[in-house]
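Here are my notes for your read-through, as numbered points. Keep the structure open beside you and find each residue as it comes up.

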Amino acid sequence: MADESYPDDLKYHPEHDWARIEGDEATFGITWFAQEQLGEVVFFDPPEVGRTISAGSSYAEVESVKAVSDVIAPLSGEVVAVNEELSGNPEAINDEPYDKGWLVRVKLSDPSEVDGLLDVAAYRELLSQ
């Protein structure tokens, strides 16, 4: 499993999801804290490419040896890519939650929603409460 980290270049949702913003698209995943709470991830049930997702709503499920958990969208948009490698290697979510363990890429429908997400300092503050 990965060492605890929260990259500075990401935006964070209070439900322990992250977004890497690149122009009008974003890559989503779950944070180190979320994968640590889940334990060993054994299955990722992604959304269909083309599906529209809404910020704050569930868009996928991650199954671990402990539980099945909904994954919450940090931003709204249309799913343009799913990390297909996770179907055969779901443990990448534990091993590299910010790199090989990304979940989906989304074309943002409302880029101003980014302003409602947490920066790394605010996310770390949330974790310390």
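1. Start with the aromatic cluster made of Tyr6, Tyr12 and Tyr123. Please keep in mind throughout that this is a predicted model. Within the cluster, tyrosine 12 and tyrosine 123 form a stacked pair, with 4.7 Å from centre to centre and 15° between the planes. Rings count as stacked when their planes are under 30 degrees apart, so the 15° of this pair fits that class. Tyrosine 12 belongs to strand β1 (residues 11–13) and tyrosine 123 to helix α3 (residues 120–128), so the pair ties together parts that are 111 residues apart in sequence. Both tyrosine 12 and tyrosine 123 are buried.

2. Stay with tyrosine 123 for a moment. What relative accessibility does tyrosine 123 have? The value is 0%, which is why tyrosine 123 counts as buried. Leaving out residues up to four places away in sequence, tyrosine 123 touches Tyr6, Tyr12, His13, His16, Thr31, Phe33 and Leu118. Try picking out tyrosine 6 in the display: the C-alpha atoms of tyrosine 123 and tyrosine 6 are separated by 8.6 Å, while the two residues are 117 apart along the chain.

3. Histidine 16, one of the residues that tyrosine 123 touches, deserves a note of its own. Histidine 16 sits in the loop between β1 and β2. Most residues other than glycine have a negative phi. Histidine 16, although not a glycine, has a positive phi of about 75°. Is histidine 16 buried or exposed? With a relative accessible area of 18%, histidine 16 is buried; the cut-off for that class is under 20%.

4. Now for the aromatic pairs in general. How many aromatic pairs does a search of the whole structure find? The search finds 5. One of them is the stacked pair of tyrosine 12 and tyrosine 123. Tryptophan 18 and tyrosine 98 form a pair that is tilted, at 5.8 Å centre to centre and 50° between the planes. Tryptophan 18 lies in strand β2 (residues 17–22) and tyrosine 98 in the loop between α2 (92–95) and β9 (104–108), so this pair ties together parts that are 80 residues apart in sequence. Tryptophan 18 and tyrosine 98 are both buried.

5. Next, look at the interior. The largest nonpolar core has 26 residues, and the members that touch the most others are Phe28, Phe44, Tyr59, Leu75, Leu103 and Val104. Elements giving two or more residues to this core are β3 (25–30), α1 (32–38), β4, β6 (58–64), β8 (77–82), α2 and β9. Apart from it lies another core, of 9 residues, among them Tyr6, Tyr12, Tyr98 and Tyr123. Back in the largest core, take leucine 103 as an example: beyond its neighbours within four places in sequence, leucine 103 is in contact with Phe28, Gly29, Ile30, Phe44, Tyr59, Val71, Val82, Asn83, Leu86 and Ile93.

6. Turn to the charged side chains. The structure holds 4 salt bridges. One of them joins aspartate 9 and arginine 20, at 3.7 Å from N to O. Aspartate 9 lies in the segment before β1 and arginine 20 in strand β2, so the pair ties together parts that are 11 residues apart in sequence. Aspartate 9 is exposed, with a relative accessible area of 51%.

7. Strand β9 takes part in salt bridges as well. Aspartate 24 and lysine 107 meet at 2.3 Å, N to O. This pair links aspartate 24, in the loop between β2 and β3, with lysine 107 in strand β9, 83 residues apart. Both are partly exposed, aspartate 24 at 37% and lysine 107 at 38%. Glutamate 25 and arginine 105 meet at 2.7 Å, N to O, and link strand β3 with strand β9 across 80 residues. Salt bridges that share partners join Glu22, Glu25 and Arg105 into one network.

8. Finish on the surface. Which residues form a nonpolar patch there? They are Val42, Phe43 and Val65, with about 270 Å² of accessible area together. Valine 42 is found in strand β4 (residues 41–45), and at 37% relative accessibility valine 42 counts as partly exposed.

Technical notes: Residues numbered from 1 in each chain as written. Predicted model: local features only at pLDDT ≥ 70, side-chain atom pairs only at ≥ 80, totals over all residues. Heavy atoms only, no water. Patch = residues over 30% accessible without salt bridge, like charges linked within 9 Å, V, L, I, M, F, W, Y side chains within 5 Å. Areas by Shrake-Rupley, 256 points an atom, 1.4 Å probe, with all protein chains shown as cover. Helix = DSSP H or I, 4+ residues; strand = E, 2+ residues; numbered from the N terminus. Buried < 20%, exposed > 50% of the residue type's maximum accessible area, 1.4 Å probe, protein only. Phe/Tyr/Trp six-rings, centres within 6.5 Å; stacked < 30°, edge-to-face > 60°. Core = buried A, V, L, I, M, F, W, Y, C linked by side-chain atoms within 4.5 Å. Contact = heavy atoms within 4.5 Å.
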